[in-house]
Protein chains: 4
Amino acid sequence: MRQEKRKELTRKKILEAAKQVFLQKGYATTRIADLVKKSRLARGTFYLYFQDVEQVLNALLQEVFIDIQRSVTELQVEALDHENFKIGLSELAKSLLAVFQKHSAVVGLLLTTMNSEPSIRVQTAWFQELTQATIRVMLERGIQSGRLKNHDPELMAFLVMGGLREVVTHWLIDGRYSKDIAVKVDEMIAIYMNGVERETQK
Amino acid sequence: MRQEKRKELTRKKILEAAKQVFLQKGYATTRIADLVKKSRLARGTFYLYFQDVEQVLNALLQEVFIDIQRSVTELQVEALDHENFKIGLSELAKSLLAVFQKHSAVVGLLLTTMNSEPSIRVQTAWFQELTQATIRVMLERGIQSGRLKNHDPELMAFLVMGGLREVVTHWLIDGRYSKDIAVKVDEMIAIYMNGVERETQK
Amino acid sequence: MRQEKRKELTRKKILEAAKQVFLQKGYATTRIADLVKKSRLARGTFYLYFQDVEQVLNALLQEVFIDIQRSVTELQVEALDHENFKIGLSELAKSLLAVFQKHSAVVGLLLTTMNSEPSIRVQTAWFQELTQATIRVMLERGIQSGRLKNHDPELMAFLVMGGLREVVTHWLIDGRYSKDIAVKVDEMIAIYMNGVERETQK
Amino acid sequence: MRQEKRKELTRKKILEAAKQVFLQKGYATTRIADLVKKSRLARGTFYLYFQDVEQVLNALLQEVFIDIQRSVTELQVEALDHENFKIGLSELAKSLLAVFQKHSAVVGLLLTTMNSEPSIRVQTAWFQELTQATIRVMLERGIQSGRLKNHDPELMAFLVMGGLREVVTHWLIDGRYSKDIAVKVDEMIAIYMNGVERETQK
DNA sequence: AATGAATGAGGCTTCATTCAT
DNA sequence: GATGAATGAAGCCTCATTCAT
């Protein structure tokens, strides 16, 4: 009982240290020695909980995975059934942003590592797939219900995914849009929904 | 001089080897040993040309930088003056894609490394900035001339940049859209220009 | 703690190995590999205690520094107050020789390295200065008390220092004067005190 | 004929470069690359004249050896036969100093390297021996002729040798006694001849 | 459980040396 | 003769991993 708690605490220490170190010097250059030093544990202790740095990264990603997945699946249904599609989308996006902000360090990590090493891409594939799938499903339903134009759902998913990542990256990592991120999200939706071209000859 | 040629050849050997190795095992895990093995040179020879692996990456990026910059600046003017804005955009995009395809390995590298480690982000900042600037200029002129809606140019630049990167990544790295990339580009432009929402109650 | 003792032991092992290796092949050509081989430790272990070979040399010199300084300062006072100046000097010299003999390997090292590379001269400057200062102080007091002629104390210090080093070098390194070093020291003192010229026309 | 001169010139270039480099960064850390760079010759050219850095050192020492030996042997005879022994000594010393000054860079090198590495000690042994022998011979003759006290000639040679080296080192390397070196030499002789102790009870 | 000293494989870097031009 | 690109052995250093305490 006591042991259990203590073990959990030590594990947390490592994860917390990792978050900070990854943020400071990046995942690729982080050594076990860095984690051990930051967490103020002994070198050997690390190996009682993780095999290597990658496992620590995965553990961190795991944490956010659950939250992101829940937020997406719960809201997806509501969003689609919403009489006003745009408002539904907006809510989905904002709920997602709230999760991102809660785990900002790890999400930042996710965004910067997901496209780097082949070995890591595997670990972040779930995020890619989850996002892709969510967007595709929404688009397909929108097309079926006649509310959306008949564009290639996959292509559209790529665009939204990429745009979202770019904006979130600047938001979380560069400290852009500190407060008015919600406004920007609505602008994003407006652009994707109605485009930027003025309807001249109307 | 014969020597001069030989030097140039050796340098090329290293760069060529690096392209292949980076592609295969990713930049972050590439060792000098990998490069000298692939290029079939002696360990010491590497140091006559580069200090470390990062310098090799930079040399590769440098090559494409010139081509990309030229392609963008040359066509930008034409695109903007084109009577049909969309066709101009399409041509700009396709010309850019041609450059990307010519340097596909390095551009793939650029796309995967640009958002990773802090140290590398510095090296790829030019690409970010060039793309951002190009898109912003075009948008701002479009807004001024009344052809485009008054959206935040920076936000729009992020969206296009992100979407483009996502699509190009799947194209170059995953082998998606092998042939019909041109079609997809036009679809991308259509989406950004006119949005995906159907104008129902018109 | 057990650990503490073990650490101290390992450090000692390295220092002991260094003493032997320096003696055998000289400081300048000693490699870390030599030290780990002689001390029968792993390559990496060396770096837990020292950064490079120079640090090992400094650690060794540090040890003797303390002993030499103590022996010199303690006896200096007595020597000067001695009614018979020469006997006082003799005792000071012999006490110094005892310290030299105790640390013969390191003192030999000190004598051979002190005038070599610029980088090392810095490390042995304390010895130069200590010796210089000691001799100067003694001379100046001797001059003031009227017991010594009014020669340039610095010059005199150089002569004694040089002579002492030469003799000690031959004693410690070449194995000269194995037993009668004490006799020779008294002869040195006699020479410095009364000169070698016969007082002919007295 | 032409070739001969050219060869000699190239050799000189290397030796001159070596003098400067040795002076700047010390003998032990001087690399062939340093000599090649300073002499503005090609790497391969070096090997047409010398095998390694030690050979260059030896060549430099060789030059001074001849001058020193001549100066010593020529003057030795005169000095000993001089009716005033002290004046003879003084002239010998000053003539030696003139040679030292002429070759100051190399003599400085000689003084700093002669007691370092075992391998180099061999190369500078001639200097040790020459000086020792000269001093011993002079002392022995002085003793025989009744002008000098009956001290151990070898010991005395060590003292003079050491003192001389110390003073010359400070003169050549540290820039001490820039002008009044001659005065100091006479003071040295006075000390060795008559000692520093005042003849109180006379 | 936790510790941290010790290990040695693996990667980095320098530099003497060769050899084709 | 002179050149300097290429070489690879030798030394340096880091760091994941083990293990006795």
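A residue counts as buried when its relative accessible area is under 20%, as exposed when over 50%, and as partly exposed in between. That cut-off decides the case of E154(A). At 13% relative accessibility, E154(A) is buried. The structure discussed here is a predicted model.

**Chain A in outline**

Chain A holds nine helices and zero strands. Read from the N terminus, its elements run α-α-α-α-α-α-α-α-α. The C-alpha trace of chain A spans about 70 × 35 × 30 Å along its principal axes. Chain A has 202 residues, and 52% of them are buried. It exposes about 10200 Å², with carbon and sulfur atoms supplying 52% of that area. Contacts across the sequence matter to this picture too. Take the contacts in chain A with a separation of 6 or more: residues 24 or more positions apart account for 63% of them.

**One buried threonine**

T113(A) gives a local view of chain A. Its place is in helix 6, residues 104–113. Is T113(A) buried or exposed? Its relative accessibility is 3%, so T113(A) counts as buried. The side chain of T113(A) reaches back to the backbone oxygen of L109(A), at 2.7 Å. Setting aside neighbours within four places in sequence, T113(A) is in contact with Y27(A), I120(A) and T124(A).

**Salt bridges**

Side chains of opposite charge can pair when their charged atoms come close. Over all chains, the count comes to 39 salt bridges. Three of the pairs are listed here.

| Pair | N to O distance |
|---|---|
| R176(B) and E154(A) | 2.7 Å |
| R165(A) and E166(B) | 3.7 Å |
| D186(D) and K94(D) | 3.0 Å |

Start with R176(B) and E154(A), whose side chains meet in a salt bridge. R176(B) lies in the loop between helix 8 (153–172) and helix 9 (181–194) of chain B, while E154(A) lies in helix 8 of chain A, so this pair joins two chains. How accessible are the partners? R176(B) is partly exposed, with a relative accessible area of 33%. E154(A), as noted, is buried at 13%.

Next comes the salt bridge of R165(A) with E166(B). R165(A) sits in helix 8 of chain A and E166(B) in helix 8 of chain B, so this pair also joins two chains. Here R165(A) is buried, with a relative accessible area of 4%. E166(B) is buried as well, at 3% relative accessibility.

The pair D186(D) and K94(D) lies within chain D. D186(D) belongs to helix 9 (residues 181–194) and K94(D) to helix 5 (residues 85–102), so the bridge ties together parts that are 92 residues apart in sequence. D186(D) is partly exposed, with a relative accessible area of 33%. K94(D) is partly exposed too, at 30%. Back in chain A, salt bridges that share partners join D67(A), R70(A) and K102(A) into one network.

**The surface near DNA strand E**

Which residues come nearest to DNA strand E? Of the 34 residues around the strand, they are Y49(A), T10(C), T45(C), Y49(C) and Y47(D). On the DNA side, sugar and phosphate account for 65% of the strand E atoms that come within 4 Å of the protein.

Several helices line this surface. Those that each supply at least two residues include helix 1 (2–25) and helix 3 (43–49) of chain A, and helix 2 (32–39) and helix 3 (43–49) of chain B. Helix 1 and helix 3 of chain C also do so, as do helix 2 and helix 3 of chain D. Helix 3 of chain A gives the most, with five residues. By residue type, the surface near strand E divides into 14 nonpolar, 10 polar and 10 charged.

Some atom pairs can be named. An N or O atom in the side chain of T10(A) is 3.0 Å from a phosphate oxygen of DNA strand E. In the side chain of R31(D), an N or O atom is likewise 3.0 Å from a phosphate oxygen of the strand. G44(C) meets a base instead: a backbone N or O atom of G44(C) lies 3.4 Å from a base nitrogen of DNA strand E.

Technical notes: Residues are numbered from 1 along each chain as its sequence is written. Chains are lettered from A and ligands numbered from 1 in the order in which they are written. This is a predicted model: local features need pLDDT of at least 70, side-chain atom pairs count only at pLDDT 80 or more; totals for chains, interfaces and linings use all residues. Side-chain values use heavy atoms; hydrogens and water are left out. A salt bridge is a side-chain nitrogen of Lys or Arg within 4 Å of a carboxyl oxygen of Asp or Glu. Helices (H or I, at least four residues) and strands (E, at least two) are DSSP runs, numbered from the N terminus. Buried means under 20% relative accessible area, exposed over 50%, partly exposed in between (1.4 Å probe, protein chains only). A residue is near a molecule or strand if one of its heavy atoms lies within 4 Å of it. A polar contact is a pair of N or O atoms within 3.5 Å; within protein, one must be able to donate a hydrogen and the other to accept it, and residues adjacent in sequence count only if both atoms are side-chain atoms. Ala, Val, Leu, Ile, Met, Phe, Trp, Tyr, Cys and Pro count as nonpolar, Asp, Glu, Lys and Arg as charged, and the others, Gly among them, as polar. Contact means heavy atoms within 4.5 Å. Accessible areas come from the Shrake-Rupley method with a 1.4 Å probe; for residues, only the protein chains shown count as cover.
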